[in-house]
Amino acid sequence: MSIYITNTYALGGIASKAQNLVTEEAKKLGIEEIRIPYIDYESEDRNNMSNKIDGVLTGVTSGDTIIYQNPIWNDPNFDIFYE
């Protein structure tokens, strides 16, 4: 059983700094990082979004724990895939 923490990349600004800081502290505890891309979802259809999320979660298996840093600053529909 593994523990992961999400970290949204390419945000910029204080939101990115905050998530990076929390992620770096979590890594010191042995928690693995899940890199979430920041994407303009206005141009993404639901199937492409689903495929990208599947790719992000490739290493996660049943019984693993994900610490989900919210907000992730992506389209709210993105959150649905993590519920």
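**Getting to know a predicted model**

Q: At 40% relative accessibility, does Glu 25 count as buried, partly exposed or exposed?

A: The model we are looking at is predicted. Buried means under 20% relative accessible area and exposed means over 50%, with partly exposed in between. Glu 25 has a relative accessibility of 40%, so Glu 25 counts as partly exposed.

Q: Which residue forms a salt bridge with Glu 25?

A: The partner sits 3 residues away in helix α1, so about one helical turn separates the two. At 62% relative accessibility, this partner counts as exposed. The closest N and O atoms of the pair are 3.0 Å apart, and the partner of Glu 25 is Lys 28.

Q: Which residues are joined into one network by salt bridges that share partners?

A: Lys 27 and Glu 24 meet through their side chains in a salt bridge of 3.6 Å, N to O. Lys 27 also forms a salt bridge with Glu 33, where the closest N and O atoms are 2.9 Å apart. Because these salt bridges share partners, the network joins Glu 24, Lys 27 and Glu 33.

Q: What pattern does the protein follow along the sequence?

A: Its secondary structure comes to 3 helices and 3 strands. Read along the sequence, they follow the pattern β-α-β-α-β-α.

Q: What span is expected for helix α1 at 1.5 Å a residue?

A: Helix α1 covers residues 13–28, which is 16 residues. From its first C-alpha to its last, α1 reaches 23 Å. That is close to the expected span of 22 Å.

Q: Which strands do the buried residues of α1 pack against?

A: In α1, the buried residues are Ser 16, Gln 19, Thr 23 and Ala 26. They cover an arc of only 95° around the axis, which means they lie on the same side of α1. On the other side of α1, Ile 14, Lys 17, Leu 21 and Lys 28 are exposed. The buried residues pack against β1 (3–9) and β2.

Q: Which elements give two or more residues to the largest nonpolar core?

A: This core has 7 residues in all: Tyr 4, Ile 34, Ile 36, Met 49, Ile 53, Leu 57 and Ile 72. The elements that give two or more residues to it are β2 (32–37) and α2 (46–56).

Q: What percentage of the 83 residues is buried?

A: The protein exposes about 5300 Å², of which carbon and sulfur atoms supply 53%. Residues count as buried at under 20% relative accessible area. Among the 83 residues, the buried ones make up 29%.

Conventions. Residues numbered from 1 in each chain as written. Predicted model: local features only at pLDDT ≥ 70, side-chain atom pairs only at ≥ 80, totals over all residues. Heavy atoms only, no water. Helix = DSSP H or I, 4+ residues; strand = E, 2+ residues; numbered from the N terminus. Buried < 20%, exposed > 50% of the residue type's maximum accessible area, 1.4 Å probe, protein only. Areas by Shrake-Rupley, 256 points an atom, 1.4 Å probe, with all protein chains shown as cover. Core = buried A, V, L, I, M, F, W, Y, C linked by side-chain atoms within 4.5 Å. Expected span 1.5 Å × (residues − 1). Arc of directions from axis to C-beta. Contact = heavy atoms within 4.5 Å. Salt bridge = Lys/Arg side-chain N within 4 Å of Asp/Glu carboxyl O.
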